[in-house]
Amino acid sequence: YDFCYYWLHRMGHEVGLLWAAHAVHHQSQDYNLSTALRQSSSGMLLGWIFYLPMALAGVPPLVFVVVGLIDLLYQFWVHTEQIKRLGWFDRWFCAPSNHRVHHAVNDIYLDKNYGGILIIWDRIFGTFKPEDDKEPCVYGTRGLLNSWDPLWANATVYKQLAHDSWHTKNWGDKLRVWLKPPGWRPADVEQRFAKPAFDLQAHRQLFEPAMTPPLRWFCGLQFLALIAGTALFLWHADGAPLASNLIWFAVLLTGQWALSAAMQGRIDWPLALMLDAAALATATGALNLWQWHQLFKPLTMVIAIFYVAITAYHAGSNAQFNRKPQSLWLLAALVLSAAGDVFLLSPNMFITGLVSFLLAHLAYIGLLRLHAPWFASKTAMLLCLLLALSMYVFLWLGGLPGELRIPVAAYVLVIALMAAQA
């Protein structure tokens with residue numbers, strides 16, 4: 001297994017497509033035990049090819065899985081700077097010193113020490129390099145990620161390969177981009193989309209966006225909630241339907257993205273909290289968990305109202321509430337939407353909820369009208385009205401009660417007009 005892993009790992013550094021899957025493990029500029037947890041989300045798509053010899057040799061699946069688990073768990077402890085050289089152990093096994101070299105971007109360390117448990121494969125095939133005290137390791141990837149976004153971390157190399165493959169005019173190069181070593185680019189693409197030369201000194205500067213104390217508290221609590229949610233998800237995943245697993249996975253992914261965006265300052269932490277609540281409201285509604293849905297759906301709107309109100313307050317002069325029309329229209333729309341949520345979740349309040357949402361959509365139309373003429377795109381309006389008509393016909397044929405036909409018609413029309421104005 002370790003021999004097959006060596007070649008999988010080595011090709012993961014020498015073939016662009018395989019590097020796209022493996023790069024996420026190397027992107028951290030810090031080198032500690034958490035680096036070991038940065039595992040590829042797409043490595044299994046092609047990684048199995050390297051273990052085919054074991055299958056052809058008749059290795060039982062259970063043995064393969066157990067040995068693979070041992071190999072993976074062994075590699076956890078080698079991701080540390082706290083353990084220095086270990087003498088004779090370093091000559092035979094993948095040890096922290098050897099693996100630090102593997103993660104370094106220094107010229108002398110690049111693409112070395114691929115072994116998972118045994119380092120002898122690197123000695124045999126000429127890829128071994130001992131750690132040099134005169135050349136401290138600098139970690140990360142050549143072409144810094146500079147982001148906490150888990151989606152971008154997994155997609156960035158694929159995007160670069162697709163970009164170069166699309167823009168090169170040579171048909172052979174369109175394929176070579178995916179098979180050549182990382183960093184290789186067609187000449188015409190390099191000329192049109194030149195990149196700066198690698199600068200080791202720039203890579204010593206860690207990506208550490210400033211965070212306020214409230215943001216730090218939010219991120220810490222969000223991280224703990226994600227750990228708990230992931231543990232709960234994995235505990236129940238085997239016995240849950242695929243659709244349910246996909247929904248909860250999307251909730252966790254939303255939480256991770258919101259956390260990363262808040263840490264980078266792309267969104268404020270109340271907006272991240274609103275995204276969390278919205279994801280939970282969507283999931284609980286889709287899975288018919290109505291008691292929880294009745295909590296998270298209104299909570300999402302309350303957080304949105306709070307966020308818009310605070311933002312408008314701080315945007316005003318002398319800390320006075322910002323009375324600009326867009327703030328008032330948006331707050332009115334959110335308050336009416338929140339009221340509609342509460343009414344629709346209450347028995348015998350359907351018409352009241354419908355009216356609340358109708359008024360909310362009118363407020364949204366007022367908001368959208370501030371920066372655009374009325375229904376500037378006639379094509380968009382026509383398409384939205386046709387879609388609304390088809391939806392109304394569907395509801396009518398599905399047994400829409402007579403007393404609701406006029407209110408629902410008005411509601412569907414207003415939604416169509418809002419979409420057209422947007």
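Which element gives the most to the lining of the second largest pocket? In this predicted model, that element is α10, with seven residues. Helix α10 spans residues 150-167, and together with α2 and α8 it belongs to the elements that give two or more residues each to this lining. The second largest pocket holds about 1100 Å³ of space. Its lining comprises 38 residues, and those nearest the centre of the pocket are Trp 19, Arg 142, Gly 143, Gly 183 and Lys 195. Sorted by class, the lining residues are 16 nonpolar, 14 polar and eight charged.

Two of the pocket-lining helices, α2 and α10, also pack against each other. Their axes come within 7 Å and cross at roughly 160°. Since angles over 145 degrees count as roughly antiparallel, α2 and α10 are therefore roughly antiparallel to each other. The crossing of this pair is right-handed. On the α2 side, the contact is made by Gly 16, Leu 17, Trp 19, Ala 20, Ala 21, Ala 23 and Val 24. On the α10 side, the contributing residues are Ala 153, Asn 154, Val 157, Tyr 158 and Leu 161. The contact of α2 with α10 consists of 10 nonpolar and two polar residues, with no charged residues. Trp 19 of α2 thus appears both in this contact and among the residues nearest the centre of the second largest pocket.

Helix α2 (residues 16-26) also meets helix α8 (residues 96-103), where the axes come within 11 Å and cross at roughly 120°. An angle of this value makes α2 oblique to α8. The crossing of α2 and α8 is left-handed. Three residues of α2, His 22, His 25 and His 26, make the contact with His 99, His 102 and His 103 of α8. By class, the contact of α2 with α8 contains six polar residues, with no nonpolar and no charged ones. Helix α2 therefore takes part in a roughly antiparallel pairing with α10 and in an oblique one with α8.

A further helix pair is formed by α14 (residues 213-237) and α15 (residues 242-264), whose axes come within 10 Å and cross at roughly 160°. This angle makes α14 roughly antiparallel to α15. The crossing of α14 and α15 is left-handed. From α14, the contact draws on Leu 215, Phe 218, Cys 219, Gln 222, Phe 223, Leu 226, Gly 229, Thr 230, Phe 233 and Ala 237. From α15, the contact draws on Asn 245, Trp 248, Phe 249, Leu 252, Gly 255, Gln 256, Ala 258, Leu 259, Ala 262 and Met 263. The contact of α14 with α15 divides into 14 nonpolar and six polar residues, and no charged residue is part of it.

Terms used
Residues are numbered from 1 along each chain as its sequence is written. This is a predicted model: local features need pLDDT of at least 70, side-chain atom pairs count only at pLDDT 80 or more; totals for chains, interfaces and linings use all residues. Side-chain values use heavy atoms; hydrogens and water are left out. Axes are lines fitted to C-alpha atoms, for helices over the stretch in contact, and angles run from 0 to 180 degrees between N-to-C directions. Helices (H or I, at least four residues) and strands (E, at least two) are DSSP runs, numbered from the N terminus. Angles under 35 degrees count as roughly parallel, over 145 as roughly antiparallel, 65 to 115 as roughly perpendicular and the rest as oblique. A crossing is left-handed if the near helix is turned anticlockwise from the far one by less than a right angle, and right-handed if clockwise. Contact means heavy atoms within 4.5 Å. Ala, Val, Leu, Ile, Met, Phe, Trp, Tyr, Cys and Pro count as nonpolar, Asp, Glu, Lys and Arg as charged, and the others, Gly among them, as polar. On a 1 Å grid over the protein atoms alone, a cavity is a set of points where a 1.4 Å probe fits but cannot get out, and a pocket is an open set with protein on both sides within 12 Å along at least five of seven lines; lining residues have an atom within 4 Å of a point. Grid points are joined across faces, edges and corners, and a volume is the space filled by probe spheres set on the points.
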